[in-house]
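Colleague: I'm new to this one, so could you take me through a single part of it slowly? I'd like to start from one residue and work outwards.

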Amino acid sequence: MKKTMVAVLGLMLCLLVATCLGEEQWMMPESVLALCEAAHPGYAVAEYDGWGDETRGQVALVLSRNQRNILCIAEKAEGDAAYALTVDNDRALREGDEIPSLLIDTGGDSLFYTYHDGETHMVRYHSVKENGVWGEVDVETVDTSFNAYNEEMWGYVSDGYLRLTYSRWDKQDNPLPGGYVLLPVPVSRAYAEGMRLASFDINALTLSWGKVSGAEGMCDGLIKAGDTLLELDIQRQSIVMLVQEADATRRILIADEDYNVVETGPAPSDASLDTFHMGEGALFLVSDGGCCYHNFERGLEGKWYFRSVQADESFGVLYDGVKDWEKGGGVGDNDGVIYGVSPWRADITQLDLRALPRTIDEAISQLDTSRYAFVDNPDPADRLHLRVKPEKGAASLGKFYSRTPVYVLEERGDWARVRIGREDRGLTGWMMKKYLAYGGDREDVDCAFPSLSVRGDSAELLAGPKEGAASRGEESGGFYVIGVHGDNWTIVMTEDGTVGYVRSGDLWEGNG
């Protein structure tokens, strides 16, 4: 009781000071303080908000002691014998000396508690009282550090799914384009129940820098019983999960938009995901204590392919080849690319994640370069026909620049039947052998690819040089311009080996 009286006297002193300064402050009922002292002896009121008096009211409080913080809501309806704690939750707040601000709205049916992480980042938790019971908590993060806009991410549970949205607002709070909805994450019944304010654990849903972390019960039905979810990355078309089995084996699981799940073979024993840097269609597998990154991208058909290594050496990985970033190999320049049949053609589920190369020499040693040649035009301004038959007058599938890589399928007299790109999404035809460079002569061929960019956001990649041809997806960049077909079509090859035709008007040289 002595501690209660000290707290009351402290509050009265604060009220006196505020009144002297010309401010008004609501006086908390003494019975609420006594109720909190009885429930949590030794805890001090660190923050509060509410309304009412000894006859009726509603008060939200943060009780704190030794960096342990408890969220309480004391309520009393007119005619009730006394105030009661309708929320008494020691997991809803962060531990430490951070104390959130509290706000109960004027209707008394919404509670907000807000952390300000620095000057530009805010995290707000919110719950609504319905039918006399405090319901699920939703979480909102706002980042105001951007010069032109504010960034917001909002997460909540509904109908058994964790739903997450991203949006942007200008400095006058007007919505901007570019918002999106992430793939809903199935959660267990226990997880959904745990999102209610009375039992909410602040660690159950953390939104930070556009990323999500959570607790047991996420990805319900996507992971097997007995597996532990270590990390997840939620994207618009995929959910990427790192799990650990009972015997400590780690694997990656990937769910698509229909919640079909594929899994990889065993990953390195210390594997983790760099979810901070992963974006839509990207997967960064980290091992060796954070020193080695093996990076994957989602392909056009939804499968995931090995694309680069960042370790003591950093280099790119193509469908059939290795890109030495030290020697070039950027857009419009494949001088740094060593082509060969690679063991990484298969998607991530078919690879041994524990045996991926760490150095470019190790990667090159795994390539079979014996059947690869480069187009070698005597005049770099010329381009070599790919014909449907081994005849000069046969129909052409396009004309190709010097250093276009071709896989030689067979030779017949002066002609070679070649494939450009991958088997399922490439081009096959005939080229004259005298304009192909084989073996060691390949590396003497200078690249003549023009450097072109997509106008707008993306360009459609078609299987043939005509309107209405089958689509091979949308491309925004990261391709090589390898040839032309007539005046209206440009032929490009992506790093996953897809070859197709793009309307020439959809590409341009850029701003220089």
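Leaving aside its neighbours within four places in sequence, which residues is Tyr113 in contact with?

Modeller: Before I answer, a word on what you're looking at. This is a predicted model, so local features need pLDDT of at least 70, side-chain atom pairs count only at pLDDT 80 or more, and totals for chains, interfaces and linings use all residues. Residues are numbered from 1 along each chain as its sequence is written, and side-chain values use heavy atoms, with hydrogens and water left out.

Now to Tyr113. If you skip its neighbours within four places in sequence, its contacts are Leu71, Ala92, Leu93, Pro100, Ser101, Leu102, Val123, Arg124, Tyr125, Leu197 and Phe200. Contact here means heavy atoms within 4.5 Å.

Tyr113 also belongs to the largest nonpolar core, which has 46 residues, and together with Met241 it touches the most other members. A nonpolar core is a set of buried Ala, Val, Leu, Ile, Met, Phe, Trp, Tyr and Cys residues joined through side-chain atoms within 4.5 Å. Buried means under 20% relative accessible area, exposed means over 50%, and partly exposed is in between, using a 1.4 Å probe and protein chains only. As background, nonpolar side chains tend to be buried together in soluble globular proteins. Apart from this core lies another, of 42 residues, with Leu318, Val408, Met431 and Ala459 among them.

Back to the rings around Tyr113. Tyr113, Tyr115, Tyr125 and Phe200 make up one aromatic cluster. The pairing rule takes rings of Phe, Tyr and Trp (its six-membered ring) with centres within 6.5 Å; planes under 30 degrees apart are stacked, over 60 edge-to-face, and the rest tilted. By that rule the count is 14 aromatic pairs. One of them is Trp26 with Tyr48, a tilted pair at 6.1 Å centre to centre and 50 degrees between the planes. It links distant parts of the chain: Trp26 is in the loop between helix H1 (2-20) and helix H2 (30-39), while Tyr48, 22 residues apart from it, is in strand E1 (residues 44-52). Helices (H or I, at least four residues) and strands (E, at least two) are DSSP runs, numbered from the N terminus. Trp26 has 25% relative accessibility, so it counts as partly exposed, whereas Tyr48, at 18%, is buried.

In the cluster itself, Tyr115 and Tyr125 form an edge-to-face pair, 6.4 Å centre to centre with 90 degrees between the planes. Tyr115 sits in strand E6 (residues 110-117) and Tyr125 in strand E7 (residues 121-130), so the pair ties together parts ten residues apart in sequence. Both rings belong to buried residues: Tyr115 has a relative accessible area of 2%, and Tyr125 has 4%.

For contrast, look at Thr106, in the loop between strand E5 (101-104) and E6. Thr106 has a relative accessible area of 87%, so it is exposed. From Thr106 to Glu443 is 75 Å in space, C-alpha to C-alpha, and 337 residues in sequence.

One more aromatic residue to compare is Trp430, in strand E32 (residues 427-432). Trp430 is buried, at 6% relative accessibility. Its C-alpha atom is separated by 5.5 Å from that of Pro390, although the two are 40 residues apart along the chain. Leaving aside neighbours within four places in sequence, the contacts of Trp430 include Pro390, His385, Trp415 and Arg417.
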